[in-house]
Amino acid sequence: MNGHSYELALAAGVLSPLFSFWALVFLGPRMGKPIAGWFGVILGMGVPLAMAAYVLLGWLGLDAAARAQLTVNAIRLHWAYLGSVPVTIGVKLDSLTVAMFFMVTFIAFWIFFFSVGYMAGHSDEVDHQSKYHRFFAYLSLFGFSMLGLVVSSSLLFLFIFWELVGLCSYLLIGFYFDRQYATRAAMKAFITNRVGDFGFIIGLMLVYFHLHTLDLDEAARNFAAQHASGTGIFANTFALFGFALPTLMGIGLFCGAMGKSAQFPLHVWLPDAMAGPTPVSALIHAATMVAAGVYLVARVFRLMTPDALMFISTIGCLTLFLMALIAIVQTDIKKCLAYSTLSQLGYMIFGLGCGAWIAALFHLITHAFFKAMLFLGSGQVIEGCHHEQDMRKMGGLIKKMPVTGITFLIGVLAIAGFGIPGTSIGLGGFFSKDEILAVAYARAFQWDDVKKFESSHERGGEEHHSTENTPQQNGELNDPKSKVRMAKIESGEQFRLVSDEPPHKAAAASPETTEPEHSAHRMASIFAGTKPLPSWMFWLAIATAYITPFYMMRAWWMTFMGKPRDEHVHHHAHESSLMFIPLIVLAGGTLVSSYFLFRPLIADASAVASAAPMVLATDGAVHTQAISAAHHWLEYGVGFAFAIGFIFAIAIYARGLEIARRIQNLFFVWPVHALLVHKYYIDEIYDLVWVKGCLLVANICRFFDTWIVDLVFDTLAAGTERLAAFSGLVLDNHGVDGVVNGVASTSMDVSDVLRGPQTGRIRNYVLFAAGAATMIIVLLLWVGVRSATAVTP
Amino acid sequence: MTIGLTHYLVVAAVLFCGGLFTMMTKRNAVGILIGVELVLTSSILNFVAFDRYLGKGRVDGQITGLFIIVLAAAEAAIAVAICINVYKNLSTVDVDRATRLQG
């Protein structure tokens with residue numbers, strides 16, 4: 001069977017935006033204003049979307065065995081060798097890739113589309129040169145990098161594309177580079193990401209050194225083998241902060257995710273990143289790139305240890321709670337959405353940390369749809385209100401922009417987890433977020449039940465699966481044996497091109513022939529290492545489920561309802577028809593993503609995570625319903641959270657801002673309010689510790705340089721100068737030159753004297769000659785007389 | 001009074017001094033040439049006089065006199081040629097103004 005058409009389609013989908021990027025870079029200025037944009041839309045994202053749709057439709061038609069076969073058969077091309085470790089290029093073809101690829105291309109396509117309308121209305125000229133084509137070139141480059149990241153089969157390539165999306169983020173945040181705040185925000189994003197990427201590199205190095213591969217599947221297989229035999233990385237006794245080396249590897253890889261997904265200590269760049277154009281905020285800083293961190297953690301879930309997951313869930317929990325609190329006090333519409341993004345990313349990371357692998361990725365996808373829509377809605381509002389971003393100046397916009405208002409409301413309902421508990425009517429977060437909370441609850445309070453359930457489940461308990469409404473899982477996957485077998489295939493027993501041995505033969509030759517014992521052993525080892533989730537994490541996550549609807553409804557109400565607070569803004573408000581098509585499409589996408597398509601695909605992919613040797617991935621839907629008698633109170637408790645949040649928000653903001661102002665001035669609220677407005681003073685602390693610290697170190701170095709190094713060299717220089725002066729002035733000028741000049745001047749003087757008589761006048765010569773002759777005669781006469789007189793006597 | 005050697009020598013000395021004086025005072029190149037001829041003439045007169053009074057049958061002095069006349073003619077021919085060329089180039093025969101070769 002020819003299984004490579006999907007990979008080739010995905011590869012074509014990745015490369016098409018790259019081609020679009022180069023074309024726009026070189027030919028963009030000639031294409032002119034609307035054409036360059038449409039070129040980017042069609043080639044940059046239209047082609048990938050078509051490819052994604054082709055793969056998705058084909059993929060949905062396959063059963064689990066066929067999919068597993070395709071995954072195993074995937075092409076791996078050797079690219080280079082790092083030492084003896086081959087670096088391979090390939091497409092990681094599994095359900096998660098297909099789901100992510102489709103999600104990214106779909107959302108990106110409509111955001112590209114939106115951008116054509118959005119950028120048309122922006123003055124984008126710097127030095128009389130249009131940046132319009134450049135925007136779409138960057139977007140295309142981002143499309144290439146993001147899709148490459150999604151399909152990468154190797155951690156190294158994942159890292160390369162990871163850095164590329166970081167670069168695109170930098171370029172697009174700083175798109176208005178003639179404004180200082182944009183360039184500062186771009187630098188902040190880039191530098192903060194470097195901090196996280198440093199951890200990522202350390203994680204990569206540990207993978208490379210200890211697992212001897214950079215391929216995702218092979219790394220997981222080696223990790224499992226080393227864990228089973230207690231060799232390799234598990235034999236190493238190195239520890240840091242009480243974490244063993246395997247845990248440090250997991251935390252290192254997670255550090256990359258912390259930077260890219262803006263988790264708590266490194267979250268500072270994301271709100272500032274809103275300086276970029278709004279489509280960029282929607283695409284990169286809400287839907288796709290920031291989710292890359294979550295995607296990475298999901299991909300390396302098999303390399304995680306219980307301690308690493310505890311670290312991850314702690315970070316995620318802090319992020320989701322702290323950022324939700326900040327979102328309450330934000331007045332800038334985009335900043336408010338940015339903080340809600342941070343909080344939701346915290347949910348995803350927290351979910352992964354809890355082992356809610358499916359729920360976290362499901363939340364990633366539902367969130368991508370509704371958050372992209374919310375951002376595009378905010379872009380529409382900002383554009384319509386003449387670049388006014390302050391919600392306090394808006395209000396009553398629903399009459400002027402009904403489509404935006406309604407789609408925005410759908411987004412608000414989705415993020416708040418709107419739904420009717422006990423039924424399957426709801427939107428986005430109602431399914432995905434609540435599932436994360438359910439798993440967190442089980443991990444925190446019902447750990448013993450989880451153990452019991454998972455053990456029996458692994459041994460062949462089939463009774464709980466019927467509750468799952470995923471058609472893909474009802475087939476072969478529910479058979480525990482096939483599930484384990486598939487997990488083994490997924491974990492990459494063989495690569496066809498790397499080894500010539502056919503995959504089925506390799507699977508047959510696998511040493512693990514006694515599957516139940518093996519899985520029971522695996523479970524025992526997992527339970528031995530894993531601690532239940534601390535209950536405070538669960539309570540913070542629950543509390544945030546109440547805060548989220550509050551701040552989202554607050555934002556919506558302040559923007560769209562009530563009386564207009566600024567006549568000028570309200571007067572100008574209008575809606576652009578080209579821009580609301582994407583809004584409607586994404587609203588539809590929000591509905592679809594809540595119900596169909598993505599949850600089953602991710603559940604299908606979760607077999608990979610279930611094969612993790614040290615940690616447990618929990619299928620929330622199967623699991624909680626089976627074991628949790630208390631699930632119902634949780635379902636209602638969380639299910640009505642949106643209603644309570646909405647009621648509070650409407651009660652406070654229905655009559656304008658007066659009540660809110662009064663509340664924030666209450667004696668016990670204002671310190672909290674100040675703390676939140678200043679974002680816990682984290683920027684100030686970073687400024688004090690890192691920026692000022694850097695300057696301090698730099699100053700100390702400068703002091704050392706000036707007073708120690710320079711002193712030594714100045715002294716040496718001065719000495720050399722003196723020596724040179726001595727040899728130059730004294731020896732050379734007076735000694736050597738003196739001799740030479742003396743010879744010259746002496747001959748000059750002599751010649752001056754000699755030249756005196758040489759007048760050139762014949763008279764004088766004659767006179768001299770005559771005089772000389774006379775003198776000679778007189779002399780001779782005198783001598784003759786004397787000799788004569790001398791002889792005479 | 002008989003004319004003896006001394007008279008010849010005095011006449012030659014007067015001629016010599018006249019020639020020398022002419023050479024020293026004249027600025028005209030032709031004048032200087034005339035002075036030179038006078039000096040040469042005085043020396044010829046000396047040779048001939050010494051030959052007549054002290055030669056005792058020898059003709060060395062007279063031959064030397066003839067030799068000097070030939071030399072003087074050759075010298076005069078060359079000198080006049082120089083003078084003509086100087087005049088062609090400088091429009092003058094004043095030796096004080098012919099300073100082009102002076103360093």
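Visitor: What makes Lys92(A), Asp217(A) and Arg302(A) a network of salt bridges?

Guide: In this predicted model, Lys92(A), Asp217(A) and Arg302(A) are linked to one another through salt bridges. The term requires a side-chain nitrogen of Lys or Arg within 4 Å of a carboxyl oxygen of Asp or Glu. Over all chains, the structure holds twelve salt bridges.

Visitor: Why is the contact of Asp215(A) with Arg76(A) called a salt bridge?

Guide: The N to O distance between the side chains of Asp215(A) and Arg76(A) is 3.4 Å. The cut-off is 4 Å, so the pair qualifies. Asp215(A) lies in the loop between helix H7 (180-211) and helix H8 (216-229) of chain A, and Arg76(A) in strand E1 (residues 76-82), so the salt bridge ties together parts 139 residues apart in sequence.

Visitor: How do you know whether Asp215(A) is buried or exposed?

Guide: Buried means under 20% relative accessible area. Asp215(A) has 5% relative accessibility and therefore counts as buried. Its partner Arg76(A), with a relative accessible area of 3%, is buried as well.

Visitor: What makes Asp94(A) and Arg299(A) a salt bridge, and which parts of the chain do they link?

Guide: Their side chains meet at 3.1 Å, N to O, which is within the 4 Å limit. Asp94(A) sits in the loop between strand E2 (85-90) and H4 of chain A, while Arg299(A) belongs to helix H12 (residues 289-299); the two are 205 residues apart, and the pair links distant parts of the chain. Asp94(A) counts as buried at 1% relative accessibility, and Arg299(A) is buried at 6%.

Visitor: Where do Asp752(A) and Arg755(A) lie, and how is each classed by accessibility?

Guide: Both residues lie in helix H32 (residues 682-755) of chain A, three residues apart, about one turn of the helix. Their closest N and O atoms are 3.1 Å apart, and they form a salt bridge. Exposed means over 50% relative accessible area, with partly exposed between that value and 20%. Asp752(A), at 40%, is therefore partly exposed, whereas Arg755(A), at 56%, counts as exposed.

Visitor: How do you know how many disulfides there are over all chains?

Guide: A disulfide needs two cysteine sulfur atoms within 2.5 Å, and the count by this rule comes to zero. Cys694(A) illustrates the point: the nearest cysteine sulfur, that of Cys701(A), is 10 Å away, and Cys694(A) is in no disulfide. Cys694(A) is exposed, since its relative accessible area is 54%. Cys336(A), by contrast, has a relative accessible area of 1% and is therefore buried.

Visitor: Which residues have the most contacts inside the largest nonpolar core?

Guide: They are Met103(A), Leu303(A), Phe350(A) and Trp357(A), in a core of 227 residues. Helix H4 (residues 95-120) of chain A provides the largest share of this core, 20 residues. Apart from it lies another core of 13 residues, including Val766(A), Ala29(B), Val36(B) and Val39(B). In general, nonpolar side chains tend to be buried together in soluble globular proteins.

Visitor: What does Leu303(A) touch beyond its neighbours up to four places away in sequence?

Guide: Its contacts are Val207(A), Leu211(A), Ala219(A), Ala220(A), Phe223(A), Met249(A) and Leu253(A). For chain A, 81% of the contacts between residues at least 6 apart in sequence join residues at least 24 apart. Buried residues make up 54% of the 793 residues in this chain, whose secondary structure comes to 33 helices and eight strands.

Visitor: How do you know that the span of helix H1 of chain B agrees with the expected value?

Guide: Helix H1(B) (residues 5-25) has 21 residues, and at 1.5 Å a residue the expected span is 30 Å. Its end C-alpha atoms are 30 Å apart, so the two values agree. The buried residues of H1(B) are Ala12(B), Gly19(B), Leu20(B), Thr22(B), Met23(B) and Met24(B).

Visitor: Why is Asp434(A) called buried?

Guide: Its relative accessible area is 16%, under the 20% limit, and Asp434(A) is therefore buried. Asp434(A) is placed in helix H17 (residues 429-445) of chain A. Leaving aside residues up to four places away in sequence, Asp434(A) touches Gly429(A), Val638(A) and Gly639(A). Gly562(A) is 128 residues from Asp434(A) in sequence and 31 Å from it in space, C-alpha to C-alpha.

Terms used. Residues numbered from 1 in each chain as written. Chains lettered and ligands numbered in written order. Predicted model: local features only at pLDDT ≥ 70, side-chain atom pairs only at ≥ 80, totals over all residues. Heavy atoms only, no water. Core = buried A, V, L, I, M, F, W, Y, C linked by side-chain atoms within 4.5 Å. Buried < 20%, exposed > 50% of the residue type's maximum accessible area, 1.4 Å probe, protein only. Helix = DSSP H or I, 4+ residues; strand = E, 2+ residues; numbered from the N terminus. Contact = heavy atoms within 4.5 Å. Expected span 1.5 Å × (residues − 1).
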